[in-house]
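Me: I'm new to this one and would love a friendly tour. Could you show it to me first, and then take my questions?

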Amino acid sequence: MPTHHHTPKLNLTELRRGWMDLTLVTPDRTCEYSVASVFSEPLKDLCDCLVDAAEYSERDGDGPWHFEFEWLGEGWLYAWEVRPEGDLLHVSTNFAGSRVLGDRPSLVWHHQTVLDRTELAQAVWNLGAQILRRHGIVGYRSLWGRDFPLAQLLQLHQSMKGDMMHGWCDEIRLLGSICPD
């Protein structure tokens, strides 16, 4: 696994009824994810993982943690494993296709990289902000078929900035900052 970290870029390619297409760009590879809303919550998973990673060293590894998760497509699977090490994340993603070898899905590609936790958190925050600006909470639910993971996104921001939000007014002010004047 690589030992140096990369600044990630996470882009929403498309959000349509029940589907989300994302692209994760690192200097060593671009990975495209086409995810169905059935049993998959990409934004929620990434927020939960990053909040847990920020707390991991503070709690001496005493979990439970959200460091392994799967996203499903139509006959394919993206399996994520994340291992925090200080401010770095060792990320491993497997993409298994619809063909089966024995009783296991066939591996199409495998990607390992090391990412800076804060930079990935910022990329996930930016993705959430992009979705909210473009579609809003109601529009997201209409397209994705599930509620927008607002609490997880706000918790991610709190974890990134170290600022405790105290009540609804702080949360609304932060959400208001997403929209340009």
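**How the helices meet**

Reply: Happy to! Please keep in mind that this is a predicted model. A good place to start is the pair formed by helix 1 (residues 42-56) and helix 3 (residues 150-161), whose axes lie 9 Å apart and pack at an angle of about 30°.

Me: Are helix 1 and helix 3 roughly parallel or roughly perpendicular to each other?

Reply: The angle between helix 1 and helix 3 is about 30°. Angles under 35 degrees count as roughly parallel. Helix 1 and helix 3 are therefore roughly parallel.

Me: Which residues of helix 3 meet helix 1?

Reply: From helix 1, the residues taking part are Lys44, Cys47, Asp48, Leu50, Val51 and Ala54. By class, the contact of helix 1 with helix 3 has six nonpolar, three polar and two charged residues. On the helix 3 side, the residues are Gln152, Leu153, Gln155, Leu156 and Ser159.

Me: Asp48 is in helix 1. Is Asp48 buried or exposed?

Reply: Asp48 is in contact with His66 and Gln152, leaving aside its neighbours within four places in sequence. Its relative accessible area is 18%, and buried means under 20%. Asp48 therefore counts as buried.

Me: How is helix 3 placed against helix 4: roughly parallel or roughly perpendicular?

Reply: Helix 3 and helix 4 (residues 168-176) have axes 11 Å apart and an angle of about 85°. Angles of 65 to 115 degrees count as roughly perpendicular. That makes the placement of helix 3 against helix 4 roughly perpendicular.

Me: Which residues of helix 4 make that contact with helix 3?

Reply: Helix 3 brings Leu150, Leu154 and His157. By class, the contact of helix 3 with helix 4 has four nonpolar, one polar and one charged residues. The residues from helix 4 are Glu171, Leu174 and Leu175.

Me: Is the crossing of helix 2 and helix 3 left-handed or right-handed?

Reply: The axes of helix 2 (residues 117-144) and helix 3 come within 10 Å and cross at roughly 145°. The crossing of helix 2 and helix 3 is left-handed.

Me: How many nonpolar residues does the contact of helix 2 with helix 3 have?

Reply: Helix 2 contributes residues including Trp125, Leu132 and Ile137, while those from helix 3 include Leu153, Leu156 and Met160. The contact also has three polar residues and one charged residue. The number of nonpolar residues is 10.

Me: Leaving the helices, which side chain makes a polar contact with the side chain of Thr26?

Reply: Thr26 sits in strand 2 (residues 19-26). Thr26 is buried, with a relative accessible area of 5%. At 2.5 Å, the side chain in polar contact with that of Thr26 belongs to Asp28.

Terms used: Residues numbered from 1 in each chain as written. Predicted model: local features only at pLDDT ≥ 70, side-chain atom pairs only at ≥ 80, totals over all residues. Heavy atoms only, no water. Helix = DSSP H or I, 4+ residues; strand = E, 2+ residues; numbered from the N terminus. Buried < 20%, exposed > 50% of the residue type's maximum accessible area, 1.4 Å probe, protein only. Polar contact = N/O pair within 3.5 Å; in protein donor to acceptor, adjacent residues only side chain to side chain. Axes fitted to C-alpha atoms, helices over the stretch in contact; angles between N-to-C directions. Parallel < 35°, antiparallel > 145°, perpendicular 65-115°, else oblique. Contact = heavy atoms within 4.5 Å. Nonpolar A, V, L, I, M, F, W, Y, C, P; charged D, E, K, R; others polar. Left-handed = near helix turned anticlockwise from the far one by under 90°.
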